[in-house]
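Colleague: Please take one part of this model and examine it closely. I should like a connected account, with each term given its cut-offs.

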Amino acid sequence: MSKQKIVHPQRDANFVTGAYSDGVIAGGFLFISGQASVDFKTSQFVLGTIEEETARTLDNIKAIIEAAGATMEDVVKSTVHLKEIDEFDRFNTVYANYFTGTRPARTTVQSVLGEGICVEIDCIVKLP
């Protein structure tokens with residue numbers, strides 16, 4: 001099986017976030033690693049409200065998806081980790097704005113998250 005690495009288009013070349021790729025294409029799918037509220041130009045986490053962090057996280061996911069030649073409509077599955085499950089409704093309001101039509105399947109759980117972030121999201125995307 002062949003794999004292709006996809007990098008966030010604004011990632012600073014010196015920004016190393018761990019032993020993983022932003023995204024990997026394999027078998028007609030794009031698998032996006034857990035993304036958070038990061039400014040890839042400055043290599044910094046951008047903390048804020050659940051709404052702000054959700055929007056920045058989904059904007060990062062959108063940029064990676066578009067770099068692979070797909071759109072948010074091609075997302076078939078996402079997994080969401082929330083620092084505070086009590087913020088689910090506020091998170092969900094922002095999340096819903098990024099998907100129209102048939103929304104992706106999704107799992108949402110409360111998790112202990114590093115760097116003080118409120119939300120982390122990974123996705124599976126069916127490539128066109």
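Modeller: Two strands are said to pair if DSSP finds at least two bridges between them. Strands are themselves DSSP runs of E, at least two residues long, numbered from the N terminus. The model is a predicted one, in which local features need pLDDT of at least 70, side-chain atom pairs count only at pLDDT 80 or more, and totals for chains, interfaces and linings use all residues. Residues are numbered from 1 along each chain as its sequence is written, and side-chain values use heavy atoms, with hydrogens and water left out.

The part I have chosen is strand β3, together with its surroundings in the sheet. The sheet is open and is formed by six strands, which follow the order β1-β2-β3-β8-β6-β7 with mixed pairing. At its edges are β1 (4–6) and β7, each of which pairs on one side only. Strand β3, covering residues 29–35, is therefore placed between β2 and β8 in that order.

On one side, β3 meets β2 (residues 23–26) in the antiparallel sense, over four bridges. Among these contacts, A26 has F29 of β3 as its bridge partner. The two strands make a hairpin with two residues between them, where G27 adopts a positive phi near 60°.

On the other side, β3 pairs with β8 (residues 119–126), again in the antiparallel sense, but here over five bridges. Two positions show how the strands are set against each other: I32 stands opposite C123 in β8, and Q35 stands opposite I121 in β8. In a regular strand the side chains alternate between the two faces of the sheet.

The backbone leading towards β8 also deserves attention. E115 is situated in the loop between β7 (105–110) and β8. Most residues other than glycine have a negative phi. E115, although not a glycine, has a positive phi of about 65°. This residue is exposed (over 50% relative accessible area), with a value of 57%.

A second case can be set beside E115. S43 is found in the loop between β4 (38–39) and β5 (44–45), and its phi is near 60°, a positive value in a residue other than glycine. The relative accessible area of S43 is 21%, so S43 counts as partly exposed, the class between buried (under 20%) and exposed, judged with a 1.4 Å probe on protein chains only.
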